[in-house]
Amino acid sequence: MNIKFFCPRWGSTGLSWDNFLSKVKDAGYDGIEYGIANSTPAAELEMVCRKSDQAGLSVIAQHYETSDLDIDAHADNFAAWFRKIEPFNWIKVNSQTGKDFFTFEQNKKLIDVATAYAYRTG
């Protein structure tokens, strides 16, 4: 079994990306977990991926932001997030997707969105 350790970006957002990645690498981590908001510019995604790759660090994309009460709006925003991150090479995606108040069928709609992304990107 090959276990890898990832350092989350949250809690360190006061550091520049260069400083954060350097500290992560020096601490012996294998990569970072990067919480990506729907409003995160594509240029930032490109920069983080490029600098992480140069540092030899893998990146886990983290979804956390979608919080619409309406399942259709929630699913649409969730799908938009996947379209935003699709051009980039993530080792994994960590998603805090559903809501406890959604039914099983509603939450399955979100799982189907994520599954479609997985099939498109491998």
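Here is a short chat between a visitor and a guide about a predicted model.

Visitor: How do you know that the span of helix 3 agrees with its 15 residues?

Guide: Helix 3 covers residues 71-85, and at 1.5 Å a residue it should span 21 Å. Its end C-alpha atoms are 21 Å apart, so the two values agree.

Visitor: Which residues of helix 3 are buried?

Guide: They are Ile-71, His-74, Ala-75, Phe-78, Ala-79, Trp-81, Phe-82 and Ile-85.

Visitor: And what makes you say that the buried residues line one face of helix 3?

Guide: Look down the helix axis: the buried residues fall within an arc of 155°, so they line one face. It helps to know that an α-helix has 3.6 residues a turn, so residues three or four places apart point the same way.

Visitor: What do those buried residues pack against?

Guide: The partners are strand 3 (58-63), strand 4 (92-95) and helix 4 (104-121). On the face turned away from the buried side, helix 3 carries the exposed residues Asp-76 and Arg-83.

Visitor: What caps the N-terminal end of helix 3?

Guide: Asp-70 does that, with a side-chain oxygen 3.1 Å from the backbone nitrogen of Asp-72. That fits the cut-off for a polar contact, which is within 3.5 Å.

Visitor: How many disulfides does a search of the whole structure find?

Guide: The search comes back with 0. Cys-7 is in no disulfide, and the nearest cysteine sulfur, that of Cys-49, is 16 Å away.

Visitor: Why is there no bond for the sulfur of Cys-49?

Guide: A disulfide needs cysteine sulfur atoms within 2.5 Å. The closest cysteine sulfur to that of Cys-49, in Cys-7, is 16 Å away, so it is too far for a bond.

Visitor: Why is Cys-7 called buried?

Guide: Buried means under 20% relative accessible area. Cys-7 has 14%, so it counts as buried. Cys-49 has 16%, so it is buried too.

Visitor: How many aromatic pairs are there?

Guide: The count comes to 7. Trp-81 and Phe-82 form one that is edge-to-face, 5.1 Å centre to centre with 75° between the planes. Both Trp-81 and Phe-82 are buried.

Visitor: Why is the pair of Phe-101 and Phe-102 called edge-to-face?

Guide: Ring centres have to lie within 6.5 Å to pair, and planes over 60 degrees apart count as edge-to-face. Here the centres are 4.9 Å apart and the planes are at 75°, so the name fits. Phe-102 is buried, with a relative accessible area of 6%.

Visitor: Which residues do ring pairs link into a cluster?

Guide: Phe-78, Trp-81, Phe-82 and Tyr-117 are linked that way.

How values were computed
Residues are numbered from 1 along each chain as its sequence is written. This is a predicted model: local features need pLDDT of at least 70, side-chain atom pairs count only at pLDDT 80 or more; totals for chains, interfaces and linings use all residues. Side-chain values use heavy atoms; hydrogens and water are left out. Helices (H or I, at least four residues) and strands (E, at least two) are DSSP runs, numbered from the N terminus. The expected span of a helix is 1.5 Å times one less than its number of residues. Buried means under 20% relative accessible area, exposed over 50%, partly exposed in between (1.4 Å probe, protein chains only). The arc is that of the directions from the helix axis to the C-beta atoms. Contact means heavy atoms within 4.5 Å. A polar contact is a pair of N or O atoms within 3.5 Å; within protein, one must be able to donate a hydrogen and the other to accept it, and residues adjacent in sequence count only if both atoms are side-chain atoms. Rings of Phe, Tyr and Trp (its six-membered ring) pair if their centres lie within 6.5 Å; planes under 30 degrees apart count as stacked, over 60 as edge-to-face and the rest as tilted.
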